Amino acid sequence: MEDCIFCKIIKGEIPSYKVAETGEAYAFLDIGPLSAGHTLVLPKKHIRNIFEADPKDLYPVLDLVQKIAVLMKEKLPCDGVNILINNGEAAGQSVHHCHWHIIPRFSGDGYKFPPAGSLSKEQAEEILGKLK
Ligand code: 5GP
Ligand code: ZN
């Protein structure tokens with residue numbers, strides 16, 4: 001897609017620090033890393049987000065996500081990884097070419113997600129009533 005910054009990175013029109021590439025997927029270092037080694041993995045095909053994706057186009061991307069997570073653990077090395085994908089602006093997606101964040105974690109790095117909430121029986125039943 002013409003105006004997409006990630007399509008331009010994949011085509012080499014914008015430089016990137018490439019970590020790995022396959023026929024269907026591309027991985028490069030995030031320019032604003034949340035930790036050392038923060039990598040983005042994305043399909044070469046322009047897919048906006050998970051809502052619009054054909055699952056078949058995602059499988060090869062997930063293959064590369066897993067390979068890079070294993071590589072990071074062994075070679076950085078790191079102690080764990082967070083893997084996340086933001087879908088839609090409400091979820092924090094700022095670049096609308098879907099991509100997985102692989103964020104290396106180091107024991108004692110101190111990064112904490114917000115405290116967990118709680119789930120009542122009524123809430124669980126209401127949600128399952130909508131989703132099932
Ligand atoms: P989102 O918020 O859409 O889930 O994540 C977009 C990510 O892309 C951000 O973490 C941001 O730092 C990264 N990013 C945005 N523009 C560029 C760029 O031109 N090059 C690189 N390497 N990363 C970028
Ligand atoms: Zn794109």
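In what pattern do the helices and strands follow one another when the chain is read along the sequence? In this predicted model, the order is α-β-β-β-α-β-β-α. The chain has 3 helices and 5 strands. Its C-alpha trace spans about 50 × 40 × 25 Å along the principal axes. Of the 132 residues in the chain, 34% are buried.

The pairing of the strands begins with E1 (residues 18-21) and E2, which are joined in the antiparallel sense over 3 bridges. These two strands form a hairpin, with 3 residues between them. Within this pairing, Lys18 has Phe28 of E2 as its bridge partner. Gly23 is placed in the loop between E1 and E2. With a relative accessibility of 64%, Gly23 counts as exposed, because the threshold for that class is over 50%. The C-alpha atom of Gly23 is separated by 42 Å from that of Ala124, and the two residues are 101 residues apart along the chain.

Strand E2 also pairs with E3 (residues 39-43), again in the antiparallel sense, here over 5 bridges. Two of the bridge partners in E3 can be named: Leu42 is the partner of Tyr26, and Val41 is the partner of Ala27. E2 covers residues 25-29, and 4 of its 5 residues are buried, so this strand is largely enclosed by the rest of the structure. The loop between E2 and E3 contains Ser35. The relative accessible area of Ser35 is 14%, and the residue is therefore classed as buried, the limit being under 20%. Ser35 and Val95 are 60 residues apart in sequence, and their C-alpha atoms are 19 Å apart in space.

Strand E3 is also paired with E5, to which 3 antiparallel bridges join it. In this pairing, the bridge partner of Thr39 is Ile102 of E5. How many of the 5 residues of E3 are buried? The count is 5 of the 5, so E3 is largely enclosed by the rest of the structure. In a regular strand, side chains alternate between the two faces of the sheet. In E3, Thr39, Val41 and Pro43 point one way, while Leu40 and Leu42 point the other way, and all of these residues are buried.

Strand E5 (residues 100-105) contains Arg105. This arginine has a relative accessible area of 17% and is buried, because the class takes values under 20%. The side chain of Arg105 makes a polar contact of 2.7 Å with the side chain of Asn82.

The loop between helix H2 (55-75) and strand E4 (80-84) includes Pro77. Most peptide bonds are trans. The bond from Leu76 to Pro77 is cis, with omega near -20 degrees.

The ligand site was examined next. Which residues are closest to ligand 1? They are Asp30, Asn86, Gly92, Ser94 and His101, out of 16 residues that surround the ligand. Several polar atom pairs can be listed for this site. A polar side-chain atom of Asp30 lies 2.4 Å from an oxygen atom of ligand 1. A polar backbone atom of Gly92 is 2.8 Å from an oxygen atom of the ligand. For Leu29, a backbone N or O atom lies 2.9 Å from a nitrogen atom of ligand 1. Taken alone, ligand 1 exposes 520 Å², of which the protein buries 81%.

The space taken by ligand 1 is the largest pocket. Two elements, helix H1 (5-11) and strand E2, give two or more residues to the shell around the ligand. The largest share of that shell comes from H1, with 3 residues. E2 thus appears in several parts of this description: E2 pairs with E1, pairs with E3 and contributes to the shell around ligand 1.

Conventions. Residues are numbered from 1 along each chain as its sequence is written. Chains are lettered from A and ligands numbered from 1 in the order in which they are written. This is a predicted model: local features need pLDDT of at least 70, side-chain atom pairs count only at pLDDT 80 or more; totals for chains, interfaces and linings use all residues. Side-chain values use heavy atoms; hydrogens and water are left out. Buried means under 20% relative accessible area, exposed over 50%, partly exposed in between (1.4 Å probe, protein chains only). Helices (H or I, at least four residues) and strands (E, at least two) are DSSP runs, numbered from the N terminus. Two strands pair if DSSP finds at least two bridges between them. A residue is near a molecule or strand if one of its heavy atoms lies within 4 Å of it. A polar contact is a pair of N or O atoms within 3.5 Å; within protein, one must be able to donate a hydrogen and the other to accept it, and residues adjacent in sequence count only if both atoms are side-chain atoms. Accessible areas come from the Shrake-Rupley method with a 1.4 Å probe; for residues, only the protein chains shown count as cover. On a 1 Å grid over the protein atoms alone, a cavity is a set of points where a 1.4 Å probe fits but cannot get out, and a pocket is an open set with protein on both sides within 12 Å along at least five of seven lines; lining residues have an atom within 4 Å of a point. A molecule sits in a cavity or pocket if more than half of its atoms lie within 2 Å of its grid points.
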